[in-house]
Structures are given as C-alpha cells and as structure tokens.
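This report covers one strand and its partners, then a patch on the surface. Look at the structure first.

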Amino acid sequence: MRHQTAIGAAALSVGLAVAMSSPASGATPRTAPAAPARPDPRTVAAASADRLVAAKPAAFKKAPKDRIVRRGVTSGLRGLQYVAYERTYDGLPVYGGDFVVTTNASGGVLSTSVDQTRTLDVSTKASVGAAQAAETSRTRVSKVETASTPRLTVLAEGTGRLVYETVVSGTQKKAPTKLHVFVDARSGKVVKTYDEVRDAADDRSYYHGTVDLSTAATSMTDPQRSGIRCGGQNGSAYTGTDSAWGSGSGTDLETACVDALYAVQKEWDMLGSWLGRNGINGSGGGFPLRVGLNDVNAYWNGSYTNFGHNQAGTKQATSVDVVGHENGHAVFTTTPGGDSGGSGNEKGA
C-alpha cells in the first residue's frame, strides 16, 4: 500500500506540474521579457563627450561669450567614436574654434584635439563695412562668377581677430576656384584665404580593362553607395539602354566614368574594411563625379570631383590614383578636424 500510495502521489505531482506549466485553453501563454536594447555607441559617445566639455571648459579654451555646439559623431574601427564640436563667440561663428573628442565603444574618453590655443577675448564691432570687405575679397579672384555676402566671423588667432568671410567662386589662372577670403574688420586687409577647390594633376574601362561596376540598369548611378554617380559637366549621370558602359577608348567620356566609378567604389570599400568608415563622407554617403573637364587638371570643389584629360588629349585623368586623390580631399572635408570648420589645411595632408 505504501508503495502504491507513493507511486500515486508521484503521478499526482507530475500531473500537477504539467497542469501548472500548460496554459489553459484560450489563455495567452507567458513570454520571457525581451532583453534590454543595447545603447547606440554614438549616443553614448556624445553624452560622454558632452559631460567632459561641460566639466572641463578650460581644456577647450571656452570663453564666457562662447557657445559650444555638438555637430555630429563619426564612427571608426573597433568602436572608436569621434565627436565633433564647433563654437560661436558672442553669436558669431568662430573659424578655427572646432575640436574633436575621441571615445571608445563604451564611451570612455581616449583623447581630445583642440587647435585653438587661447581663450577668445575680442570686440565684435567692425570698423570696416561689409561692402568694402566684399570688394577687397573679389580682387583675389581673376574672373569672379559669384561672391557670397560677407559674414562677420571671429578668427581663432591669439585671443581672436574679427574678420569678414567672403566666398568668391570663379577662375584663377585658368583653374576653377572657390576661395574663402578673410578680411580684417578693422584694417580692411586680407589676413587669410583658403580654397575649397583642391587640384591634382562587363564595363570597359581605359585603365582597368573589363570590370564589374555597381550601377543602376540604365544610369551611371550607384544604387549601393548613396550619392555616387558619374556624368558630364552638367552634373547629370550618363544614361543608356542597358548597364554595359564604355568602349575602352581613352577619349570616350562614358569610359572615363567607368574608370572613375571603379576607383571610387574600391575606395569606398577600402575605407570601410580598413578604417570602419561609413562611405566617403563618414555617414553613409558620397559625392558625384564629373568627367570631360576641358583642362589638364582634376579637382575637388567641396561638392563634387571633376576630371579633365592628359596633355595630349588622348586619355582622361581618371586613373585610380587621381580619382582616389580627389575623393581623399572629400574624406578630409567631411571628417571632424579635417579641412572644414577651421583648420583649412587638411591637417598637413
């Protein structure tokens, strides 16, 4: 009896366990709570960098009239994050006041890069008018096409210099230019310039033979890499009835686009695999390429790359080194601490 009772008790226990673990008919089964989402490393980096900037203003040469503005986070290899900042002084933009905070994947600060050497302390009242600054700026370009309205700016030089910044586009020595001219707002003299235009001397390319490009079905636009397209001087991508591009001739501009697209696609992939960079601009995008420039030249102008031809006119300047070089300028332009935001010198590159 004891043996039978023990077996019956065991069976009852098992039955109860099964009954308790099985949902009743029509009842909603319980689900385990979802694991908490991992925080975005970019968000963590931005918060960490913001705390550092707020806690140690002297390290970033922050003046009482400064306002520090975070401009973005660029992700790199092995979880590195680069948090970029700009500043204004008494409401005016500061050229050379940008800086970068680098963190690891968990938000730990690894380093800071601050070009500005002193805290700003300068009057923001101009003695020279904007019209005079514009006229002076235009004299720096031989053939002016457009000129921006002069903008009062603080140059991060010493304790600061009040200047007018004017962007003058046109031609200089037969080459395109997009010149930033800084005119002292007290003396009226030009104190600094920098040019956004950077000079360099089953698809059939001229330089690489038959290659496989990523293009749309009837357009020389890359569907896998945002912003990448190639065409003529009007900025539109070349089109066709199919996706077989180029003749292999050194004078054929469609062939030049094959070479240019091949090179920039390889550069895009290299930046990702070697450096963890997301595209040419670091945020998943790139820039248009133009061919057929009537010049022995190639350049980046801050918005697109443009490629001419060799001295004899027998081939286009779209070899992989030239295309890589010009898009390298684009990389610097769109990288925190690069040629934008204040340094203007591609960090010695």
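## Terms and model

Two strands pair if DSSP finds at least two bridges between them. Strands themselves are DSSP runs of at least two residues, numbered from the N terminus. The model is predicted.

## Strand E4 and its neighbours

Strand E4 covers residues 99-103. On one side it pairs with strand E2, residues 81-89. The two run antiparallel, joined by five bridges. Within this pairing, Ala-84 has Val-100 of E4 as its bridge partner.

E4 also pairs with strand E5, residues 109-114. This pairing is antiparallel too, over five bridges. Here Val-100 stands opposite Ser-113 of E5. Five residues lie between the strands in the hairpin of E4 and E5. In that hairpin, Gly-107 takes a positive phi near 95 degrees.

## Burial of E4

Which way do the side chains of E4 point? Phe-99, Val-101 and Thr-103 point one way. Val-100 and Thr-102 point the other way. All of these residues are buried.

Buried means under 20% relative accessible area. Five of the five residues of E4 meet that condition, so the strand is largely enclosed by the rest of the structure.

## A nonpolar surface patch

Met-270, Trp-274 and Leu-275 form a nonpolar patch on the surface. Together they have about 340 Å² of accessible area.

Met-270 lies in helix H4, residues 253-275. Is Met-270 buried or partly exposed? Its relative accessible area is 31%, so Met-270 is partly exposed.

Definitions and conventions. Residues numbered from 1 in each chain as written. Predicted model: local features only at pLDDT ≥ 70, side-chain atom pairs only at ≥ 80, totals over all residues. Heavy atoms only, no water. Buried < 20%, exposed > 50% of the residue type's maximum accessible area, 1.4 Å probe, protein only. Helix = DSSP H or I, 4+ residues; strand = E, 2+ residues; numbered from the N terminus. Patch = residues over 30% accessible without salt bridge, like charges linked within 9 Å, V, L, I, M, F, W, Y side chains within 5 Å. Areas by Shrake-Rupley, 256 points an atom, 1.4 Å probe, with all protein chains shown as cover. Salt bridge = Lys/Arg side-chain N within 4 Å of Asp/Glu carboxyl O.
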